[in-house]
Amino acid sequence: MESELHHSVFGAETDPTPRRNRATLSRWLFIGLLMAIVASWIGVEWIAPRVIERLYRQEGPTALNKLIKNRRNSLESHLVHWRTESRRAWFSCAATGILLWMSYLFLRGRFVRRCLARLDEARDSFRHPLNERSMTTGRKACALVVLTSVVFGSLSALVLQQELYPFSHFPLYGNIRPRPIVSTELRGLTPEGDEVPLSMSALRPLGKQHVGRLFRRLAQESRQDQQEIVAKLQALYEDSRRENLELSPLGGIRCYRLVWEVDWQSVTTSSEQQVAGPPDRRELISEVTFLPSPRIMK
Amino acid sequence: MTLISGLFRGTASRLDRFLFAPVLPGRLGIVRAAFYAHALWTFGGRDLSGWAAMDAVVWEPIGLFALLDLRPIDAATMNVLSGLFTASMLLACLGLWTRASTIASFVLGYYCLGMGGNFLKVAHGSQLPLIVMAILMCSRCGDAFSLDALWRRWHARRQGRGFSVHVSGEYQWPIRVVWVAFALAFMACGLFKLFGNGWLHNDGLRYVWLMHGYRGFDMPSMTSWLLHSTMISSVLAKLTLVIEIGAPALLFSRRARWFLVASLFLMQVGNGVLIGVHADLPWGGCYLFFVDFAAMAYIVPTPLREAVGAGRILARRTSAA
């Protein structure tokens, strides 16, 4: 029963021999690829450093010893250089191998064809319904209105380059120029006037970008608006203090713009290093002083 | 004239097949439950009290907030609304009073999720899920895999009536419209990068990785390792652009759909892992609309298929044929 069922669903095999040959070839190709990846990794990470070490100490064959030219650099620097370059090469080769393998599979279409055939069969089995309820014209019109709204809304936001919430032109990472990297930092001011570190979460629900933009606009507001904003910021901070007793009472907040003048197209990091060091510049965006006399200075 | 009318008829017929091919309600029901479960996990139970009276600080309303002059209310009411939004998503997930709960999810979701966008910075994580909620609100997504369907079945049995499952285009179009919204959203992302300033020429991906590192994100060692090579970031940046702009192809080609949806998903997972952006995958629920849960039962190995009962359905259909 099961075999009949399988036969009717997935279709009959015509001549299985060539398919079997292809399957064997593909299996061996895959095993070969895996073995090559593992072997090259062992070679790159385990064997080659030992060979470099021997050659550096001139313990290898004379012809090979000459491969290491600059012995003024330490052995460690040679090994680090080797690891960096070889890992890059290994990754590229392995990725190329895997891509070639996937392309082979895709072009042969064995996996895809089989899956699609099964999906088709599955769908066909749903297309012999016992009951079919046709849609009324009104419901079809409703569906078309929804579709049109989605398309029109999305395209309008895209063409107008505006947020038409919930539709958007998704302005994500579109302006990438060779420019310094900037960030925003908050510092608390104690009643004595000393600066203390202050987390962005102290002004929840405002996030980092809200805070940066808000402090930049602060200086442009009228005096009355400024006082209202400062009072609200103080209320937010006091709310956070009530939840987090580690926050100390503050006399005000300063907002800084941190600037790193880096050539970000050539900078490299290693996993041992923290990416960001101290900023090259720290510019005061604005400062608020809490009650009893809220005021803004710039 | 004949050519134009032929083209029109051809397009209309294709659109009809694309949107209204009759299917069983199971897939839409499962997707609805999974989508709302994901939305509940991502957006549920938020504390909105902080936004109360924040319009005194700064207020730049967007969308319907500007049109209807919607503003933050007091802290207690904001939290009540957030609680109602969570409850409505839970009901929509369970499929209880599905029509009402999906409408409530969308209306309350618009207010609760969109509120933060009125304060100078729009969070893009909630936009596509909100569009999906609007689509589900207009659909008959509660006809299967829901407490409503169970209740109807039980009620029919109690009255001695038979209960039959219908196939209909009603269960196909919501899924297809979500695909359209999904493809257009990613296409917009790609076009902004293409016509923006320098994603291609200045190795944008590398800048994005570094920028998040400098802004205090604790970068995993994999990001640092990827930064070693300009080639990797350059290739990935170009690939990102091709995949995003090519997203509408998923509407037309089944093979392209497999590749594009998987690539976009991996891209978003990569964003979460490498730079911590949208690490909780707020769009994750939208990918579920591409999973053919019903047909999946036929791909899985036979013993498992038998275990979930799909084999019995298949056997019944085979013998009927």
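Why does the sulfur of Cys142(A) form no bond with the closest cysteine sulfur? The closest such atom, in Cys138(B), lies 5.2 Å away, which is too far for a bond. A disulfide is defined here as a pair of cysteine sulfur atoms within 2.5 Å, and the structure holds zero disulfides over all chains. Cys141(B) is likewise in no disulfide, the nearest cysteine sulfur being that of Cys138(B) at 9.9 Å. In relative accessibility, Cys142(A) has 24% and therefore counts as partly exposed, whereas Cys141(B) has 2% and counts as buried. These classes rest on relative accessible area, computed with a 1.4 Å probe on protein chains only: buried is under 20%, exposed is over 50%, and partly exposed lies in between.

The model is predicted, so that local features need pLDDT of at least 70 and side-chain atom pairs count only at pLDDT 80 or more, while totals for chains, interfaces and linings use all residues. Residues are numbered from 1 along each chain as its sequence is written, chains are lettered from A and ligands numbered from 1 in the order in which they are written, and side-chain values use heavy atoms, with hydrogens and water left out.

**Strands of chain A**

Helices (H or I, at least four residues) and strands (E, at least two) are DSSP runs, numbered from the N terminus. Strand β3(A) covers residues 252-260, and seven of its nine residues are buried, so the strand is largely enclosed by the rest of the structure. Two strands pair if DSSP finds at least two bridges between them. Strand β1(A), residues 181-189, runs antiparallel to β3(A) and is joined to it by nine bridges. Within this pairing, Gly252(A) of β3(A) is the bridge partner of Leu189(A). β3(A) also pairs with strand β4(A), residues 281-289, in the antiparallel sense over eight bridges. Here Arg254(A) stands opposite Glu287(A) of β4(A). In a regular strand the side chains alternate between the two faces of the sheet.

**Salt bridges**

A salt bridge is a side-chain nitrogen of Lys or Arg within 4 Å of a carboxyl oxygen of Asp or Glu. By this rule there are eleven over all chains, including the following.

| Acidic residue | Basic residue | Closest N to O distance |
|---|---|---|
| Glu195(A) | Arg187(A) | 3.3 Å |
| Glu195(A) | Arg254(A) | 2.7 Å |
| Asp143(B) | Arg140(B) | 3.0 Å |

The salt bridge of Glu195(A) with Arg254(A) has a distance of 2.7 Å. This pair links distant parts of the chain, with Glu195(A) in strand β2(A) (residues 195-198) and Arg254(A) in strand β3(A), 59 residues apart. Arg187(A), Glu195(A) and Arg254(A) are linked in a network of salt bridges. Within it, Glu195(A) is partly exposed, with a relative accessible area of 30%, and Arg187(A) is buried at 19%. In chain B, Asp143(B) is buried, with a relative accessible area of 17%, whereas its partner Arg140(B) is partly exposed at 32%.

**Helices of chain B**

Chain B contains 16 helices and zero strands. Of its 321 residues, 51% are buried. Contact means heavy atoms within 4.5 Å. Among the contacts in chain B with a separation of 6 or more, 76% come from residues 24 or more positions apart.

Helix α5(B), residues 98-114, has 17 residues and spans 23 Å from its first C-alpha to its last, close to the 24 Å expected at 1.5 Å a residue. The expected span is 1.5 Å times one less than the number of residues. The helix has a kink of about 30°, centred on Leu108(B); the bend at a residue is the angle between axes fitted to the seven residues ending there and the seven starting there. α5(B) is mostly covered, with twelve of its 17 residues buried. Leu108(B) is among these buried residues, as are Phe106(B), Tyr110(B) and Tyr111(B). The elements that cover them include α2 (26-43), α3 (63-67), α4 (75-94), α6 (127-137) and α7 (147-158) of chain B.

Helix α12(B), residues 254-275, has 22 residues and reaches 31 Å between its first and last C-alpha, close to the 32 Å expected. Its buried residues include Arg257(B), Leu260(B), Leu264(B), Met267(B) and Gln268(B). The buried residues of α12(B) pack against α8 (173-195), α9 (204-214), α10 (221-226), α11 (230-245) and α13 (284-287) of chain B. An α-helix has 3.6 residues a turn, so residues three or four places apart point the same way.
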